[in-house]
Amino acid sequence: MKLNIEGLLVYFPYDYIYPEQYSYMLELKRTLDAKGHGVLEMPSGTGKTISLLSLIVAYQRAYPLEVTKLIYCSRTVPEIEKVVEELRKLMEFFSKETGEKNNFLALALSSRKNLCVHPEVSSLRFGKEVDGKCHSLTASYIRAQRHSNPSLPSCRFYEEFDALGRQVPLPAGVYNLDDLKDYGRRKGWCPYYLARYSILHANIIVYSYHYLLDPKIADLVSKELAKKSVVVFDEAHNIDNVCIDSMSVNITRRTLDRSQANVDTLQNTILKIKETDAAKLKEEYRRLVEGLKEATVARETDIYMSNPVLPDEILQEAVPGSIRTAEHFVGFMKRFLEYLKARLRIHHVVQESAPQFLKDIFEKVCIDRKPLRFCAERLRSLLRTLEITDIADFSAITLISNFATLVSTYSKGFTIIIEPFEDRTPTIANPVLHFSCMDPSIAIKPVFERFQSVIITSGTLSPLDIYPRILDFRPVTTASFTMTLARTCLCPLVVGRGNDQVAMTSKFETREDFAVIRNYGNLLLEMSAIVPDGIVAFFTSYIYMENIVASWYEQGILENVQRNKLIFIETPDAAETSMALEKYQEACENGRGAILLSVARGKVSEGIDFVHHFGRAVIMFGVPYVYTQSRILKARLEYLRDQFQIRENDFLTFDAMRHAAQCVGRAIRGKTDYGLMIFADKRYARADKRGKLPRWIQEHLTDGSLNLTIDETVQLSKHFLRQMAQPFRQEDQLGLSLLTLEQLESEEMLQRIAQIAHQA
Amino acid sequence: MDDQGCPRCKTTKYRNPSLKLMVNVCGHTLCESCVDMLFVRGSGNCVQCDTPLRKSNFRVQLFEDPTVDKEVEIRKKVLKIYNKREFDFSSLREYNDYLEELEEIVYKLTNNIEVERTKRIMEVYQRENRDVIQKNKAKLTHEQEELEELLLLEQQENEQRRLETLQEEQRQLQAKRKSKQALLDELERSHVPATILLAQHKDRATQLETQIEKQKQVVKTTIFSTGIPMGQTVSLQPVVRIMEALYSYQPIDIHTYGPQVPDLDQLGRLGYLNHVRAAQPQDMAGGYSSGLACHRAIQDAFSGLFLPLG
């Protein structure tokens, strides 16, 4: 289908289009026209990805000078693959329509573990091992050493790529990870380095968030990407947590021990090099005296994206004299480590700000702020000079040096919490130093500053105004789209009471209450009797689930449930969970259906879709509040209140509701799908909770479906399921929620579409 | 840390959790009871390196590595003498060199390299720079000052926040109590049906809440319009002197190795201008004249191609 979006010719690879997709593209185009950032919410299963791709690709074709590149960030490898497949469809449609040969280069990028074709290296199991091994074969000085000693092992794929791969650009086309590997094998080139090199001139890149948000990785991979790019963060409802995680540092006793070993190795290597090759250290010394001029030039000429771990002050000044020579630097690191060790030897919890920490460290071991600030950069330079082969081994000391740089650079937005033991095991000493970032805007700031348009999109971004506030940017468009439906295929119900009129809630005070647990059990039992196929039930935490399932067992509820359906349980162990999931799906295929008990914020709630018969009902037991006693969370809430005027309760509710919406949204993955959404907690009926659900769920939540008893729920569900079970054909949708081109172009429809976008 | 122990009596922290390790200027460890026993007379020699020690110099070992304890001790001593600040130097480069020198001294003293010579150097330095050392004793470095400021600010903020929340809570409590009382009074006296009164009351309550919220949003100013924080000592750092030679103009001296080129204003008189295109009025607007191009062409033509030898 060829669409006209405000004068832009868009090729859309399907014969039919949803009205909200059209509306979404309109908003997107306006955002791109304004060269600003946007926040767009559209329900899952309504074709967000293809709308995004087809509009931005069309935009790139129409204005090749305005937008040069699309950077599409997703969360997991399967999602990345899905995006590439959609893109392939789009490109094929395009060349079929126009008859032109496609001249776009689109590729996916992932870690070495997913891209390596070296027979030995790729057989390693963990990503870290693969990285380390690859580095030990391909690092520049190792290859230099090989000139004098050809017997050293090498990676022939990398050698081939290095010799030939850069001269000829990757031919235009769409490459997913397997395509890259095939191409690499055919040519004998390393696919990982080929992809990393090719993203510089590719038109479309699809990769994970971390390549852009994690400063350590972004510095390697993404810093040279062009300014005139459009960045899309898909499934971005958790983006603030990703940002925070990428800037936070946790230091345990083991980290310190390992970095102590690292320091010793450094010292020995320095001694050895001093005897054999003193000139090398001298050369480094001379360079440090001159300052980090090269980096400054690069940043000034705007080639690189700025890096939050490498603050601007560092680039303007030379490394301070006290850590200029290698020995002094090692001594400095030793003192720093000993200080941290002494700090970890405590018996009570300490929370302090960065300035307090800096003052204390000056008093105890005479370390100034300035050398600390240069610590990460100085270590990197030393490692390069000493030609250390196995960088992976030095992860501990690199972490420590990053911590040093961060703590001395940012006086706001971070907090230091030292806990002598975990909350669950107060008798076992296991001290941890959390250097936790409280401000997600620090990590994402370079992205907003560098790129022309950043689009944040997901199925659940409500309330829309909170994301710009916590990420500290000013969007030009914020819009929420609803699902236009030919039949109401989702049925949210809030169950507030049991049949005995006892309120149902996962509130802390009534958690252990026998009546509440029994009522939850009854709800599950009743639903298992009337819902065909799969039911997914979410609990607020693993511990809560364990308690409830145990008492259900004692009360005989589980036995009764099992008469109707099989039960599967998610555990913290990934292998066990994927096994349970597989068997659950098998049971669903067999006809009688099954029940999967899982946990909000767990693996199942985030990445797994339960299409059609895999999930006909989702039951959310309780409100999934985050564990509020954690000190890190408390500090963050305080920071949010002071800096962004967001109240604790608002944020906690927002966080709980976005996870609840994620969980219940698992069941509806398209317009032909249908499912019950049961919120089993009376607190969902309150306006402040309900108002934070996405609009597409809120619309179907009428007053009649609030605060129900179990009996009423069963009645409503039966009615809903009977209605939905009627055959549903595409013709029923046509003209209402699915449009052909002619229908789309009618005056009346265009008017309706204009109302779909809900400007926040 | 459990395997740390006294090298003399071999007691470890594991066996005696209350074991206190001490360290002296030489950087060797002894436990408290051994120190008490060996240094009854107040002084003696180190068991491991025979350095004469005083009992009063023993300190509780803070770090696992006793050499770090020793280094910190030495560093503190050295920093008392070498206390120049960044603004005592004219350039950053010199300051960095100074820092390195300082570091070198500490390194040598800690690792017992050329101890005597280093000490002599320190003494000389101390004598030479007595005034500066005295002057800088009371001063904090620029960075420390910044830190102090930040800390003070933080403290103030915390205090203010505490007060605010306290006041806020009280005010809310009072307002709620008042509105409840008002409702009761009205229910008692008024003739309007109770449902309407209740609805009115509810409205008022929500209004009150929104009002409170609005008040919360107002952020109080804590800085003057000049950007200086209120109630804050202002650090008056001297401006760094920049010592540079002033630029002086020297006219360039050009050898063309060819015939003399006539001056620009003479071109017309000598008839050169008759052979070039006259300047258009739109060219002249930008300051162009046909003489410029002509002069340039003559210069090119007259300059010699080869340098004269010798």
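## Two positive phi angles in chain B

Let's start in the loop between H3 and helix H4 (115–128) of chain B, where Asn112(B) is found. Bear in mind that this is a predicted model. Asn112(B) isn't a glycine, yet its phi is positive, at about 55°. As for its surroundings, Asn112(B) is exposed, with a relative accessible area of 54%.

Lys10(B) is another non-glycine residue with a positive phi, in this case near 65°. You'll find Lys10(B) in the segment before strand S1 (21–23) of chain B. Its relative accessible area is 53%, and that counts as exposed because the cut-off is over 50%.

## Where chain B meets chain A

Now for the interface. The usual yardstick is simple: interface size is often quoted as the accessible area lost when the parts come together. Here, about 3500 Å² is buried between chain B and chain A, and carbon and sulfur atoms account for 53% of that. On the chain B side, the residues that lose the most area to chain A are Glu100(B), Glu143(B) and Leu147(B), together 15% of what that side buries. By residue count, the contact takes 40 residues from chain A and 36 residues from chain B.

There's plenty of polar detail to look at, too. Between the two chains there are nine salt bridges, and 13 residue pairs are in polar contact, both residues at pLDDT 80 or more. For a concrete salt bridge, look at the side chains of Arg335(A) and Glu103(B), which meet at 3.6 Å, N to O.

Which elements of chain B give two or more residues to the side that touches chain A? They are helix H2 (66–81), helix H3 (92–110), helix H6 (142–189) and helix H7 (194–217). H6(B) gives the most, with 10 residues. Sorted by type, the residues on this side of chain B come out as 19 charged, 13 nonpolar and four polar.

## A covered strand in chain A

Over in chain A, strand S13 (residues 453–458) is mostly covered, with six of its six residues buried. That goes for both faces: Ser453(A), Ile455(A) and Thr457(A) are buried on one side, and Val454(A), Ile456(A) and Ser458(A) are buried on the other.

What does S13(A) pair with? Strand S3 (residues 37–41) of chain A runs parallel to S13(A), joined by four bridges, and Gly38(A) has Ile455(A) as its bridge partner. Strand S8 (residues 229–233) of chain A also pairs with S13(A) in the parallel sense, over four bridges. In that pairing, Phe233(A) stands opposite Ile456(A).

Key
Residues are numbered from 1 along each chain as its sequence is written. Chains are lettered from A and ligands numbered from 1 in the order in which they are written. This is a predicted model: local features need pLDDT of at least 70, side-chain atom pairs count only at pLDDT 80 or more; totals for chains, interfaces and linings use all residues. Side-chain values use heavy atoms; hydrogens and water are left out. Buried means under 20% relative accessible area, exposed over 50%, partly exposed in between (1.4 Å probe, protein chains only). Two strands pair if DSSP finds at least two bridges between them. Contact means heavy atoms within 4.5 Å. Buried area is the accessible area (1.4 Å probe) that two parts lose on being put together, summed over both. A salt bridge is a side-chain nitrogen of Lys or Arg within 4 Å of a carboxyl oxygen of Asp or Glu. A polar contact is a pair of N or O atoms within 3.5 Å; within protein, one must be able to donate a hydrogen and the other to accept it, and residues adjacent in sequence count only if both atoms are side-chain atoms. Ala, Val, Leu, Ile, Met, Phe, Trp, Tyr, Cys and Pro count as nonpolar, Asp, Glu, Lys and Arg as charged, and the others, Gly among them, as polar.
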